[in-house]
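Here are a few notes from going through the model with you in mind. Have it open beside you as you read.

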Amino acid sequence: MVAAGMLVVACGGGGGTAGAPQPTSAAGKRGLVLAEQSGCQACHTANGKNSTGPTWKDLAGSRIKLDGGKTVVANDSYLTRSIIAPKSQVVSGYAGIMPGNDLSEDQVADIVAYLNELSSLT
Ligand code: HEC
């Protein structure tokens with residue numbers, strides 16, 4: 001039943017983000033909706049469990065080891081670049097399979113706001 005599956009996805013506010021903190025700022029809320037609509041949660045969780053991609057919980061502000069050995073801090077510019085140009089920096093231990101997207105600059109900023117909130121709320 002494809003339709004039933006779609007419904008579960010549409011209810012992602014509770015499903016994919018179950019147990020995860022909900023953003024409170026307007027930008028963070030928009031970011032969560034955009035992430036749901038863009039299918040990001042097929043590969044990313046907000047609850048601390050790594051999936052096909054690293055979890056988004058406590059990602060913002062953390063130190064990330066990149067493929068090639070470099071370590072960077074996941075600040076706004078790193079997060080933005082990770083979303084706009086996924087293949088420009090690949091996290092160590094993961095395959096560089098994150099697809100591109102057609103999010104606008106404002107939309108990416110909203111998702112980054114959401115990711116920042118995921119690190120500030122517990
Ligand atoms: C097909 C699976 C897949 C989808 C869909 C996907 N990603 Fe990813 N993403 C990954 C993988 C794998 C990585 C780790 C490798 C890398 O850095 O490219 C990653 C890395 C990231 C990172 C950096 C994480 C870190 O720990 O440094 C961010 C931020 C991110 N993705 C955001 C997004 C957003 C926003 C979307 C939706 C627009 C999205 N991803 C959709 C697989 C995916």
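1. Start at Gln 41, which sits in the loop between α2 and β1. This is a predicted model, by the way. Is Gln 41 buried, exposed or partly exposed? With 21% relative accessibility, Gln 41 goes down as partly exposed, because buried means under 20%. If you follow the chain from Gln 41 to Ser 51, you cover 10 residues, and the C-alpha atoms of those two are 9.2 Å apart.

2. Asp 58 belongs to the loop between α2 and β1 (63-65) as well. Have a look at its backbone: phi of Asp 58 is near 60°, so a positive value in a residue that isn't glycine. As a rule, most residues other than glycine have a negative phi. At 36% relative accessibility, Asp 58 counts as partly exposed.

3. Now the ligand. Which residues are closest to the ligand? Those are Cys 40, Cys 43, His 44, Tyr 78 and Met 98, out of 26 residues that surround the ligand. On the polar side, His 44 puts a polar side-chain atom 2.8 Å from a ligand nitrogen. Two backbones come in too: a backbone N or O atom of Val 91 is 2.9 Å from an oxygen atom of the ligand, and for Gln 89 a backbone N or O atom lies 3.3 Å from a ligand oxygen.

4. Next, a helix pair. In general, two packed helices are described by the angle between their axes and the distance between the axes. Here, α2 (residues 26-37) packs on α4 (residues 105-120) at about 105°, and the axes are 7 Å apart. That angle makes α2 roughly perpendicular to α4, because 65 to 115 degrees counts as such. From α2, the contact takes in Ala 27, Gly 28, Arg 30, Gly 31, Leu 32, Leu 34 and Ala 35. The α4 side brings Gln 107, Asp 110, Ile 111, Ala 113, Tyr 114 and Glu 117. Sorted by class, that contact holds seven nonpolar, three polar and three charged residues.

5. Last, zoom in on Asp 110, which is in helix α4. Which side chain does Asp 110 join in a polar contact of 2.8 Å? The partner is the side chain of Arg 30. Leaving out residues up to four places away in sequence, Asp 110 touches Ala 27, Gly 28, Arg 30, Gly 31 and Leu 34. Asp 110 counts as buried, because its relative accessibility is 10%.

Notes. Residues are numbered from 1 along each chain as its sequence is written. This is a predicted model: local features need pLDDT of at least 70, side-chain atom pairs count only at pLDDT 80 or more; totals for chains, interfaces and linings use all residues. Side-chain values use heavy atoms; hydrogens and water are left out. Axes are lines fitted to C-alpha atoms, for helices over the stretch in contact, and angles run from 0 to 180 degrees between N-to-C directions. Helices (H or I, at least four residues) and strands (E, at least two) are DSSP runs, numbered from the N terminus. Angles under 35 degrees count as roughly parallel, over 145 as roughly antiparallel, 65 to 115 as roughly perpendicular and the rest as oblique. Contact means heavy atoms within 4.5 Å. Ala, Val, Leu, Ile, Met, Phe, Trp, Tyr, Cys and Pro count as nonpolar, Asp, Glu, Lys and Arg as charged, and the others, Gly among them, as polar. Buried means under 20% relative accessible area, exposed over 50%, partly exposed in between (1.4 Å probe, protein chains only). A polar contact is a pair of N or O atoms within 3.5 Å; within protein, one must be able to donate a hydrogen and the other to accept it, and residues adjacent in sequence count only if both atoms are side-chain atoms. A residue is near a molecule or strand if one of its heavy atoms lies within 4 Å of it.
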